[in-house]
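Here's a quick tour of one protein model, aimed at anyone new to reading structures. Take a look at it first, and then we'll walk through some of its rings, a helix and its pockets.

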Amino acid sequence: MKQTIDEILTTIYRFYRSTKTYADLGPDTEELVAARRQAGSDGPYEQWRAMLRRLRDRFPGHSVTNRSHHLPTGNLDAGYAGRLSLPPSTGEESHSVGFLVSFLVPCYVVYTSRMIPLGEDQKEDPEYPTRHEIRFTFTADEEPYVQEIVREIEATYAGYEPMPPEVGNGLVLDVVTGLNTIGTTKLYHCLFTDDW
């Protein structure tokens with residue numbers, strides 16, 4: 001990665017408020033809201049949508065989902081989010097390759113996501129009958145999709161690099177994003193999406 005952890009944290013603290021207690025929580029910073037709106041404006045957002053169209057053309061028969069429709073409102077996320085659906089294997093409810101492109105730092109993430117139904121004896125909560133599994137290593141069947149997504153991201157966003165999981169999963173203890181509690185926010189939440 002070109003950026004150091006200190007540089008990434010400096011960026012995070014520019015866009016997010018440092019929080020020691022829940023009493024310190026406030027609305028998103030003006031800088032973060034402005035960055036979201038800019039990312040959702042015509043030029044940048046059209047660049048993202050054009051990349052998704054190329055992926056749809058490259059993989060007909062697979063659903064490519066844009067999960068960034070909300071950006072023009074200034075609410076939620078610090079990156080573009082997309083998903084390419086794959087046929088579920090035996091024992092899977094769903095299977096996809098997800099990809100995130102930050103508009104705060106020149107980084108992206110590609111991962112696989114699977115929803116796996118739980119047996120009755122495995123359910124801790126009846127409202128959650130599935131387990132969500134995220135992986136950063138890819139099977140031979142997933143690899144062609146991942147390679148094409150990476151190629152498209154790097155062609156569309158020159159100079160962007162993958163964020164390693166050991167960095168992205170690092171905690172930012174004094175920042176809270178929408179769906180997290182104090183002490184649980186990861187770099188992934190701050191730089192890409194709260195829905196991680």
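## Rings, a helix and two pockets

Let's start with phenylalanine 136, which is partly exposed, with a relative accessible area of 26%. Keep in mind that this is a predicted model. Tyrosine 188 makes a nice contrast: its relative accessible area is 0%, so it counts as buried, the cut-off being under 20%.

How do you describe two rings that sit together? You give the distance of the centres and the angle of the planes. The model has eight aromatic pairs in total. In one of them, the ring centres of phenylalanine 136 and tyrosine 188 are 6.0 Å apart and the planes meet at 20°, so this pair is stacked, as the angle is under 30 degrees. Phenylalanine 136 belongs to the loop between β5 and α4 (143-156), while tyrosine 188 is part of helix α6 (residues 187-191), so their pairing ties together parts 52 residues apart in sequence.

Tyrosine 188 also pairs with phenylalanine 192, and here the rings are tilted, with 6.1 Å centre to centre and 50° between the planes. Both tyrosine 188 and phenylalanine 192 are buried. Elsewhere, ring pairs join Trp48, Tyr80, Phe99, Phe103, Tyr157 and Tyr160 into a cluster.

Now for helix α2 (residues 30-39). Which of its residues are buried? They're Leu32, Val33, Ala35, Arg36 and Ala39. These residues cover an arc of only 160° around the axis, which means they're on the same side of α2. Among the elements covering them are α1 (5-15), α3 (42-58) and β2 (79-86).

Finally, the pockets. Here are the two side by side:

| Pocket | Volume | Lining | Nearest the centre |
|---|---|---|---|
| Largest | about 300 Å³ | 19 residues | Tyr16, Asp28, Val176, Thr177 and Gly178 |
| Second largest | about 230 Å³ | 15 residues | Arg67, Arg83, Ser96, Ser113 and His132 |

For the second largest pocket, the elements that each give two or more residues to the lining are β2, β3 (94-102), β4 (107-117) and β5 (130-135). Strand β3 gives the most, with five residues.

What kinds of residues line these pockets? In the largest pocket, you'll find seven nonpolar, six polar and six charged residues. In the second largest, the lining splits into five nonpolar, seven polar and three charged residues.

Methods: Residues numbered from 1 in each chain as written. Predicted model: local features only at pLDDT ≥ 70, side-chain atom pairs only at ≥ 80, totals over all residues. Heavy atoms only, no water. Buried < 20%, exposed > 50% of the residue type's maximum accessible area, 1.4 Å probe, protein only. Helix = DSSP H or I, 4+ residues; strand = E, 2+ residues; numbered from the N terminus. Arc of directions from axis to C-beta. Contact = heavy atoms within 4.5 Å. 1 Å grid on protein atoms, 1.4 Å probe; cavity = no way out; pocket = protein on both sides within 12 Å on 5 of 7 lines; lining within 4 Å. Points joined across faces, edges and corners; volume = space filled by probe spheres on them. Nonpolar A, V, L, I, M, F, W, Y, C, P; charged D, E, K, R; others polar. Phe/Tyr/Trp six-rings, centres within 6.5 Å; stacked < 30°, edge-to-face > 60°.
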